[in-house]
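Please open the model in a viewer and keep the sequence panel visible. The tour below proposes a series of selections and describes what each one shows.

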Amino acid sequence: MAKTVNDLVLDGAFGILDDGTSVSVCSAEPTTRTAAVTTYMLATTAMTAGTDYTKANGDSSGRKCTMAAKSGVVISNSGTATHIAICDGTNLLYVTTCTSQALTANGSNTVNIPAWKVEIADPT
């Protein structure tokens with residue numbers, strides 16, 4: 001028996017992600033919004049629904065959502081970047097790893113967050 005899913009279902013999941021209002025560079029894997037925006041936060045910037053999130057067909061199947069690159073994000077706290085987190089006003093929505101790199105806060109140092117994507121495959 002074949003399995004199928006309408007793109008609207010997968011885009012519905014990305015609709016929640018699209019509610020994310022901030023992206024943070026973190027020094028450890030956050031498990032709560034507070035950890036992402038305070039405890040482990042090295043740098044953070046705003047995300048805009050409908051602008052910073054692009055939904056499209058997946059690279060191999062299903063659907064993908066690409067988060068826009070952010071450049072010149074001021075480093076607020078020194079530490080080693082290991083994770084990227086997207087949050088809305090109350091929830092930690094998504095966490096992924098990033099290339100580990102030392103970040104130094106001095107009031108003017110910045111970091112660039114490259115574009116990245118999340119994919120949900122079609123059922124098999």
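**First stop: Ser22**

Select Ser22 together with its contacts: leaving aside residues up to four places away in sequence, Ser22 touches Val37, Thr44, Thr45, Ala46, Met47, Ala85, Ile86 and Cys87. Ser22 belongs to strand β1. Is Ser22 buried or exposed? Ser22 counts as buried because its relative accessible area is 13%, and the cut-off for buried is under 20%. Please bear in mind throughout that this is a predicted model.

**The whole chain**

Now display the entire protein as a cartoon. Two helices and nine strands are present, and from the N terminus on they follow the order α-β-α-β-β-β-β-β-β-β-β. The C-alpha atoms fill a box of roughly 60 × 25 × 25 Å along the principal axes. The protein has 124 residues, of which 33% count as buried. Among contacts with a separation of 6 or more, 69% are between residues 24 or more positions apart.

**Helix α1**

Select residues 7–17, which form helix α1. Begin at the N-terminal end, where Asn6 acts as a cap: one of its side-chain oxygens lies 2.7 Å from the backbone nitrogen of Leu8. Next, colour the buried residues of α1, namely Leu10, Asp11, Phe14 and Leu17. These residues lie on the same side of α1, because they cover an arc of only 95 degrees around the axis. Rotate the view to the face turned away from that buried side, and the exposed residues Leu8, Val9 and Ile16 appear.

What covers the buried residues of α1? The covering elements include β3 (53–57), β4 (63–67), β6 (79–87), β7 (92–103) and β9 (116–120).

**The largest nonpolar core**

In soluble globular proteins, nonpolar side chains tend to be buried together. Here the largest nonpolar core has 20 residues, and Leu17, Val25 and Met67 touch the most other members. At least two residues of this core come from each of α1, β1 (22–26), β2 (41–46), β4, β6, β8 (110–113) and β9. The largest share, three residues, is supplied by β6.

Centre the view on Val25 to inspect its surroundings. Apart from residues up to four places away in sequence, Val25 touches Tyr40, Met41, Leu42, Ala43, Ala81, His83, Ile84, Leu103, Val111 and Ile113.

**The largest pocket**

Switch to a surface display and look for the largest pocket, which holds about 220 Å³ of space. Which residues lie nearest its centre? Of the 16 residues in the lining, these are Ile84, Thr97, Cys98, Thr99 and Pro114. The elements that contribute two or more lining residues are β6, β7, β8 and β9. The most comes from β7, which gives six residues. Strand β6 thus takes part in both settings, since β6 gives two or more residues to this lining and three residues to the largest nonpolar core.

**Last stop: Ser60**

Finally, select Ser60, in the loop between β3 and β4. Ser60 is exposed, because its relative accessible area of 69% meets the cut-off of over 50%. Add Gly50 to the selection and draw a distance between the two C-alpha atoms: Ser60 and Gly50 are ten residues apart in sequence and 24 Å apart in space. The tour thus began at a serine that is buried and ends at a serine that is exposed.

Note on methods: Residues numbered from 1 in each chain as written. Predicted model: local features only at pLDDT ≥ 70, side-chain atom pairs only at ≥ 80, totals over all residues. Heavy atoms only, no water. Buried < 20%, exposed > 50% of the residue type's maximum accessible area, 1.4 Å probe, protein only. Helix = DSSP H or I, 4+ residues; strand = E, 2+ residues; numbered from the N terminus. Arc of directions from axis to C-beta. Contact = heavy atoms within 4.5 Å. Polar contact = N/O pair within 3.5 Å; in protein donor to acceptor, adjacent residues only side chain to side chain. Core = buried A, V, L, I, M, F, W, Y, C linked by side-chain atoms within 4.5 Å. 1 Å grid on protein atoms, 1.4 Å probe; cavity = no way out; pocket = protein on both sides within 12 Å on 5 of 7 lines; lining within 4 Å. Points joined across faces, edges and corners; volume = space filled by probe spheres on them.
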